[in-house]
Amino acid sequence: MVTKQIVEDGAVEGLRFNFRGDLIRPGEPGYDEARARHNAMFDKRPALIARCTGTADVQAALGFALQAGLPIAIRGGGHSVAGFSSVDDGVVIDLSRMRGVHVDPDAKTVRAQGGALWGDVDRETQVYGLATPGGVVSHTGISGLTLGGGFGILSFKLGLSCDNLVSADVVTADGRVLVASETEHPDLFWGLRGGGGNFGIVTSFEYRLHPVGDVLVSMSMYSPDQGAEMLDFLKGLYVDAPADLAFMGIFLTVPEQPPMPIFPPEILGKKMCAIFAAWIGDPDEGQKAIAPIKAFGKPSFEIALPMPYTMLQTIQDENEPWGSRNYWKSAYLKELSSEAIGVIASRGPTAPAPNSSVLIGRFGGAIAAVGEMDTAFPLRDSGYVVQMDSSWPDPEADDENIAWTRELASALEPHTLDRVYVNFIGDEGSERVEKAYGAERYKRLVALKDAYDPANVFNLNQNIKPSR
Ligand code: FAD
């Protein structure tokens with residue numbers, strides 16, 4: 001077994017001949033900044049961080065780590081809730097310098113490197129009035145998010161991020177560089193759309209683009225005692241609403257010091273439940289679509305205003321700061337039954353930390369229009385997703401926040417399906433991963449793993465284990 005000592009002793013100097021990016025070892029300038037992750041619960045100390053500038057660097061770093069027999073972590077945007085994008089005493093193949101984005105407005109496609117963030121892609125594509133579905137926080141990486149599926153404001157109308165993937169450049173475990181698309185290595189392309197980082201290192205993604213202009217955004221907040229009624233109302237709206245209307249229910253705490261001075265002082269710092277909606281189309285037409293939301297309940301606060309899509313995509317950024325401690329659970333429900341509503345409405349307003357939230361959304365619309373087995377992504381049948389996101393700054397509050405999240409998840413469990421969105425959970429073990437995909441899909445993923453990564457080189461992820 002080669003130890004990290006060999007890296008420290010200078011083997012890395014050999015790699016330097018064939019590497020153009022930064023090679024950072026413990027104690028060297030920038031090491032602590034380079035090993036930091038969005039989720040501060042994970043404080044790992046890699047033996048080497050290889051900050052790549054392109055596919056050739058990725059190949060070189062992978063070859064080095066394999067030869068040295070060191071464990072490998074892949075870092076895209078660094079937002080893995082499970083802490084998978086770093087590793088103690090191993091090699092981090094870090095794509096954070098690879099953030100190039102190129103838009104082809106005629107073909108309506110964008111190609112982005114594996115270290116790009118959603119803010120990078122949105123900014124460049126909006127130059128042409130175009131967009132592709134991404135996440136709702138602009139500092140999240142495109143890589144991990146797309147490979148797990150990718151759910152955001154545009155998804156009900158335009159599908160998941162992975163549904164809009166046209167092709168990907170992939171460095172496989174044996175060092176080859178492959179293009180994966182519907183026509184080239186289609187089996188690999190199937191697995192990249194929902195199977196996570198199990199099959200190789202994606203150095204660039206090509207996505208389909210769609211016209212997206214200014215959007216109408218609305219937020220209606222209610223006292224928490226209206227929570228059950230609000231979820232019941234949303235259930236009906238999920239059935240009737242047009243695909244251009246994206247919306248979700250949220251249990252949250254109004255910030256004491258909001259980034260924009262829009263809230264009345266009497267609700268600052270208060271627990272609330274809310275309906276957040278965005279009309280992806282002409283803002284004037286959107287006023288009609290959000291009218292049923294405005295007519296519901298007795299809001300303590302409501303606002304509806306048009307804004308650029310890039311602004312919508314950044315309004316949650318400050319609630320999800322780098323360096324916060326995160327513990328997430330997620331559940332998938334076929335029905336939003338009155339029992340499930342009761343569990344969410346009673347516990348949603350009791351989160352110990354102000355930055356924690358419970359989100360209730362739906363995986364329907366364009367997501368459900370894709371065939372059940374057309375991609376590796378397992379949640380195509382219009383169920384409800386309940387997202388339990390605990391986030392707090394102080395390590396001393398770990399136990400309280402983790403206990404709260406676990407209690408909510410276990411109270412909800414009798415009403416949930418086994419399947420779950422792997423990007424929204426921590427490291428919950430291999431049985432959970434198997435169940436997340438369901439038996440038939442998991443079997444196909446294992447066959448793919450056998451074909452592309454039989455030695456399980458890429459195992460720091462929601463891991464699909466090879467059969468031998
Ligand atoms: P990283 O931590 O860099 O990577 C996560 C894992 O992905 C790695 O361990 C590796 O297994 C794999 N990986 C990363 N890059 C590559 C690559 N280039 N090639 C192969 N494998 C790779 N999800 C949604 O669907 N919608 C959202 O709106 C959303 N919002 C979020 C907001 C926040 C604040 C956070 C923390 C998470 C959010 N997520 C969302 C979940 C998100 O999809 C996952 O956390 C995802 O893994 C983040 O990708 P990343 O590249 O930033 O992560």
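In this predicted model, an oxygen atom of the ligand is placed 2.7 Å from a polar backbone atom of G76. A second backbone approach involves V202, of which an N or O atom lies 2.9 Å from a nitrogen atom of the ligand. Y421, by contrast, takes part through its side chain, a polar atom of which lies 2.6 Å from an oxygen atom of the ligand. Of the 950 Å² of accessible area that the ligand has on its own, the protein covers 96%.

The shell around the ligand consists of 33 residues, and the closest of these are G76, G78, S85, F151 and Y421; G76 and Y421 thus appear both in this group and in the polar approaches described above. When the shell is sorted by class, 14 residues are nonpolar, 17 are polar and two are charged. Several elements of secondary structure contribute to the shell, and at least two residues come from each of β3 (72-75), α5 (142-148) and β10 (201-208). The greatest contribution is that of α5, which supplies four residues.

Elsewhere in the model, the packing of two helices was examined. Helix α14, spanning residues 430-437, packs against helix α15, spanning residues 439-452, at an angle of about 110 degrees, and the axes of the two helices are 6 Å apart. Because angles of 65 to 115 degrees count as roughly perpendicular, α14 is described as roughly perpendicular to α15. On the side of α14, the contact is formed by V433, E434 and Y437, which meet A439, R441, Y442 and L445 of α15. By class, this contact between α14 and α15 comprises five nonpolar and two charged residues, with no polar residue present.

Definitions and conventions: Residues are numbered from 1 along each chain as its sequence is written. This is a predicted model: local features need pLDDT of at least 70, side-chain atom pairs count only at pLDDT 80 or more; totals for chains, interfaces and linings use all residues. Side-chain values use heavy atoms; hydrogens and water are left out. A residue is near a molecule or strand if one of its heavy atoms lies within 4 Å of it. A polar contact is a pair of N or O atoms within 3.5 Å; within protein, one must be able to donate a hydrogen and the other to accept it, and residues adjacent in sequence count only if both atoms are side-chain atoms. Accessible areas come from the Shrake-Rupley method with a 1.4 Å probe; for residues, only the protein chains shown count as cover. Ala, Val, Leu, Ile, Met, Phe, Trp, Tyr, Cys and Pro count as nonpolar, Asp, Glu, Lys and Arg as charged, and the others, Gly among them, as polar. Axes are lines fitted to C-alpha atoms, for helices over the stretch in contact, and angles run from 0 to 180 degrees between N-to-C directions. Angles under 35 degrees count as roughly parallel, over 145 as roughly antiparallel, 65 to 115 as roughly perpendicular and the rest as oblique. Contact means heavy atoms within 4.5 Å.
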